[in-house]
Amino acid sequence: MTRGKNRLGDPARPVRLAPSDVLRLGLLGIRVRRMRAALSALGISIGILTLVLVTGIPASSQAALDRQLSALGTNLLKAQPQPNQDPPVLLSPDAAAMAARIGPVSRTSAVANTHAIVRRSDRTDPDDGLGLTVLAGRDDLLPAVNGEVRSGRFLSRDTDRLPTTVLGHQAAARLGITRIVPGEEPPHVIIGQTWFTVIGVLDPVPLADDLDRSVLVGWQAAKRELGFDGHPTVVYVRADEDALEAVADVLPATLYPQLPGLVQVSRPSDALAAKRAANSTFSALFLGLSGVALLVGGIGVANTMYISVLERRGEIGLRRALGANRGQIRGQFMTESVVLSLLGGVAGTATGALATVAYVTYQGWPPVVPLTALAVGTGGAMVIGVIAGVYPSVRAARLPPTEALSTV
């Protein structure tokens, strides 16, 4: 403000307000009109709360959906020789290890058809096991195909050389062995001419339904008891989803470099396409709902600040008459707008995060509150305050003192 002339007769210079003074002026309007300030902050708080909710809840739902789709094997590939080749295509005994050297590959395993016949006992019809496949399986097979043991246990290094077997879901039903009872003598089946002890029964394996009709024996046991030659017939590969197509392209040349065209690779799971489509849909939904929520909050603050300017014209005229310049008036109202928006943004962000966590926990989903939503909730509130306060602060600064004082 100015005081006409100082004691030396020189014209007085305008008083420059420090940032702390501008902040106090902005807070003054909020403290004096607490109810209006609370309602204004509530408006932006609801907008930011909506922003956090409409991003956090769908993101948590998406995480739950991704978890379910991933359980279906969105990153699984299956490689095997082309059928009916003469001579037959023989993959290397180290095919699984060769595939594991591909950069994006995270897990591999293999099985091999032993062409043996399984029967419930030596007294049953030799054709009793038709339709069932006896496979030599590695002990790391279940993690590769996302399989689970229903009862008993799976093959391991301890049982790899022993005549033990694990039955697939359908094979167990065909052979009349649906579960392994702890403490009781385990059942036996005859494979080829050798008795094998059944140590486990698998749940259905959606990713590799051929395993449901299979009888799995240890890799070394198959060599010793069934004349297995050590060449796998199917190689299972799990890889990063983003690089799945690239892995599928190089997998044939990795497994059978002399003639890659004789190795066929399953296309990526339909679940992967569904997952990617869901991600794209959710991203578009986030963007649209977030924009609407921010727009509603910004309009509320702008409307409140504009009404505040109209109601406080007397205050503006008095301050102008006492020497406040236009920049100081703009700064006062702009600060008030930003502080209101920031208070609402912080409150809305915190409330939205808590509400999101509570809701998704009730639904049994993994709680996911995107950091971008939290950043937009606080930083975006400040931007909204600046934008919403531009016109009201400029209008307040342009009010002539005489016109403003006439309303006192």
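Here is a walk through the structure, from its largest pocket to a few backbone details. Keep in mind that this is a predicted model.

Let's start with the largest pocket, which holds about 550 Å³ of space. It is lined by 27 residues, and those closest to its centre are Pro81, Asn113, His115, Thr233 and Val234. If you want to find the pocket by secondary structure, look for β1 (76-81), β2 (105-113) and β4 (133-137), the elements that each give two or more residues to the lining. As for chemistry, the lining is a mix of eleven nonpolar, 13 polar and three charged residues.

One of those central residues, His115, is worth a second look. His115 sits in the loop between β2 and β3 (118-119), and its phi is near 60°, a positive value in a residue other than glycine. Its relative accessibility is 67%, so His115 counts as exposed, the cut-off being over 50%. Asn146 also has a phi near 60°, again positive and again not a glycine. You'll find Asn146 in the loop between α4 (141-145) and β5. With a relative accessible area of 33%, Asn146 is partly exposed.

While we're on the backbone, take a look at Asp86 and Pro87: the peptide bond joining them is cis, with omega at about 5°. Pro87 belongs to the loop between β1 and α3.

Now for contacts between side chains. How many salt bridges does a search of the whole structure find? Just one turns up, and it pairs Arg150 with Asp203 at 2.6 Å, N to O. Arg150 is in strand β5 (residues 149-152), while Asp203 is in the loop between β8 (194-202) and β9 (214-218), so the bridge ties together parts that lie 53 residues apart in sequence. Both partners are partly exposed: Arg150 has a relative accessible area of 45%, and Asp203 comes in at 23%.

Another pair spans a longer stretch of chain. Pro104 and Leu244 are 140 residues apart in sequence, yet their C-alpha atoms are 8.0 Å apart in space. Pro104 is in the loop between α3 (95-100) and β2, and it is partly exposed, at 24% relative accessible area.

Last stop: the surface of the model. Met35, Leu39, Leu42 and Ile46 form a nonpolar patch there, together showing about 410 Å² of accessible area. Leu42, one of the four, lies in helix α2 (residues 34-71), and its relative accessible area of 45% makes it partly exposed.

Technical notes:
Residues are numbered from 1 along each chain as its sequence is written. This is a predicted model: local features need pLDDT of at least 70, side-chain atom pairs count only at pLDDT 80 or more; totals for chains, interfaces and linings use all residues. Side-chain values use heavy atoms; hydrogens and water are left out. Patches are made of residues with over 30% relative accessible area and no salt bridge: like charges are joined within 9 Å, nonpolar side chains (Val, Leu, Ile, Met, Phe, Trp, Tyr) within 5 Å. Accessible areas come from the Shrake-Rupley method with a 1.4 Å probe; for residues, only the protein chains shown count as cover. A salt bridge is a side-chain nitrogen of Lys or Arg within 4 Å of a carboxyl oxygen of Asp or Glu. Buried means under 20% relative accessible area, exposed over 50%, partly exposed in between (1.4 Å probe, protein chains only). On a 1 Å grid over the protein atoms alone, a cavity is a set of points where a 1.4 Å probe fits but cannot get out, and a pocket is an open set with protein on both sides within 12 Å along at least five of seven lines; lining residues have an atom within 4 Å of a point. Grid points are joined across faces, edges and corners, and a volume is the space filled by probe spheres set on the points. Ala, Val, Leu, Ile, Met, Phe, Trp, Tyr, Cys and Pro count as nonpolar, Asp, Glu, Lys and Arg as charged, and the others, Gly among them, as polar.
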